[in-house]
Amino acid sequence: MKSNKVSAIVFANVQGEHLGDLTAIRSTASVPFGARYRLIDFALSNLVNAGVSNVGIITKKNYRSLMDHLGSGMHWDLDRKNGGLHILPPFNDENAVRYTGYVDALNGARNFISRCNSEYIVISDGNVIANVDLYNAIRSHIKNEADVTLLWHKGEIKSNFSDTMIFDLDNENRINNITFNDTNVGEVNFGFGLYIINTNVLIEMIDFAYSNGITDLKFAFFVDKVKKLRIFGYEHKGYISVIDAEENYFDANMDLLNADVRRDLFNTDRPILTKARDNMPTRYGTRSVVENSLIGDGCVIEGTVKNSILFRGAVVEKGAVVENSIVMQSAKIKENATVKYSILDKNVLVGKNKVLMGTNGDALVINKNKEI
């Protein structure tokens with residue numbers, strides 16, 4: 001397909017209010033993940049692997065670290081004269097309230113949508129961990145002559161919130177009914193914040209919703225229009241995790257310790273791209289013990305690390321024990337300290353002989369730059 005036929009919008013702050021300390025000073029999309037990535041890497045990689053090269057990132061607040069990570073877009077081949085990466089900070093007219101929902105945010109990006117001159121827009125939440133075959137999803141959208149294609153996955157909903165869309169589809173994958181996740185009812189066909197929409201339909205939707213004070217396009221548009229528009233579904237069959245709570249973030253990182261999950265997510269045919277950083281290899285002490293863990297570059301490990309994720313530059317000193325934990329960039333665990341079921345943000349220092357102990361299902365979170 002032509003590179004200018006499809007453009008994209010990624011929401012950077014989605015569900016940030018539910019991620020606690022992880023998003024206190026950063027956007028959801030820039031939350032570190034999996035020893036070397038940020039959450040937004042998956043959305044951007046899905047897009048560029050499908051040939052989409054004009055991408056707008058809608059931000060709301062706390063986006064300095066996101067801008068630092070994205071830079072010019074070079075690492076995703078989005079540093080282009082035509083198209084490329086666009087940061088879309090809040091923009092409202094004098095009568096607007098600052099981004100009270102998706103509709104306000106899309107209205108703020110209306111100029112980008114109009115000027116991209118694309119027939120289709122891919123809209124993606126920036127908190128989804130999945131390697132999606134978006135190229136074939138777009139082809140399916142065009143083949144079906146759809147107005148909207150909603151991507152879905154069959155499984156149990158792990159979200160703690162009630163706005164997850166559940167779909168009923170006919171034999172041609174046309175969606176004929178949409179409900180919402182009020183209670184977990186076992187395996188269902190659920191949406192995960194990724195869809196393809198015709199640009200003229202999106203603009204019509206924005207204008208109607210905004211002029212009528214509607215803030216949530218899920219409830220007011222998709223449900224209302226499901227019988228009037230050609231709304232199709234496209235199934236994603238691989239691994240997926242929607243990061244909308246600290247518990248889901250912890251679990252998704254731990255899922256990476258499963259080789260099958262890693263093979264699915266880091267598919268060499270559709271690589272997950274991120275900002276490259278040059279660093280020395282990790283150094284392991286002669287008495288260090290490392291089991292079933294992902295270790296980023298530049299770490300120094302002299303103690304014990306089990307079932308854990310360590311980001312670049314983390315240090316585990318002699319006699320220290322790290323188990324079932326996430327240790328972000330440049331965090332340091334001093335001699336004989338113990339860290340279990342915990343999430344240590346960047347530059348955290350755990351002092352000698354200190355003990356940090358969360359539980360499975362309720363990990364302890366330590367803020368960035370904090371000393372314990």
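Student: How much space lies in the second largest pocket?
Tutor: This is a predicted model, in which local features need pLDDT of at least 70 and side-chain atom pairs count only at pLDDT 80 or more, while totals for chains, interfaces and linings use all residues. Residues are numbered from 1 along each chain as its sequence is written, and side-chain values use heavy atoms, without hydrogens and water. A pocket is an open set of points on a 1 Å grid over the protein atoms alone, where a 1.4 Å probe fits, with protein on both sides within 12 Å along at least five of seven lines. Its volume is the space filled by probe spheres set on the points, and the second largest pocket holds about 210 Å³.

Student: Which helix gives the most to the lining of the second largest pocket?
Tutor: Lining residues have an atom within 4 Å of a point, and here they include Y63, R64, S65, D68 and K346. Helices (H or I, at least four residues) and strands (E, at least two) are DSSP runs numbered from the N terminus. The greatest share, 3 residues, comes from the helix at residues 64-70, α2.

Student: How many residues of that lining are charged?
Tutor: Arginines R26, R38, R64 and R277 are among the lining residues, as are D68, K346 and K368. Asp, Glu, Lys and Arg count as charged. The lining has 2 nonpolar residues and 2 polar ones, and its charged residues number 7.

Student: Is K346 buried or exposed?
Tutor: K346, one of the residues lining the second largest pocket, sits in the loop between β25 (342-344) and β26. Its C-alpha atom is 5.6 Å from that of A331, 15 residues away along the chain. Buried means under 20% relative accessible area, exposed over 50%, partly exposed in between (1.4 Å probe, protein chains only). K346 has 16%, so it is buried.

Student: Which strands stand at the edges of the open sheet of 5 strands?
Tutor: Two strands pair if DSSP finds at least two bridges between them. The order in this sheet is β14-β17-β20-β23-β26, with parallel pairing. One side of each edge strand is left without a neighbour because each has a single partner, and these strands are β14 and β26.

Student: In β26, what is the bridge partner of K332?
Tutor: Strand β23 (residues 332-333) runs parallel to β26, and 2 bridges join them. K332 has as its bridge partner in β26 L349.

Student: How many residues of strand β11 are buried?
Tutor: β11 pairs in the antiparallel sense with β6 (residues 120-125) over 5 bridges, where I121 is matched with I197. It also pairs in the antiparallel sense with β8 (residues 148-156), over 8 bridges; there W152 is matched with G191. β11 (residues 187-198) is mostly covered: of its 12 residues, the number buried is 10.

Student: Is the aromatic pair of Y37 and F266 stacked or tilted?
Tutor: Rings of Phe, Tyr and Trp (its six-membered ring) pair if their centres lie within 6.5 Å; planes under 30 degrees apart count as stacked, over 60 as edge-to-face and the rest as tilted. The centres of Y37 and F266 are 5.3 Å apart, with 20 degrees between the planes. The two residues lie 229 apart along the chain, Y37 in strand β3 and F266 in the loop between α9 and β14. The pair is stacked.

Student: Which residue lies over the face of Y37?
Tutor: Y37 belongs to a cluster with F33, F42 and F266. A charge sits over a ring if NZ of Lys or CZ of Arg is within 6 Å of the ring centre and within 35 degrees of the ring normal. At 5.2 Å from the ring centre of Y37, the residue is R36.
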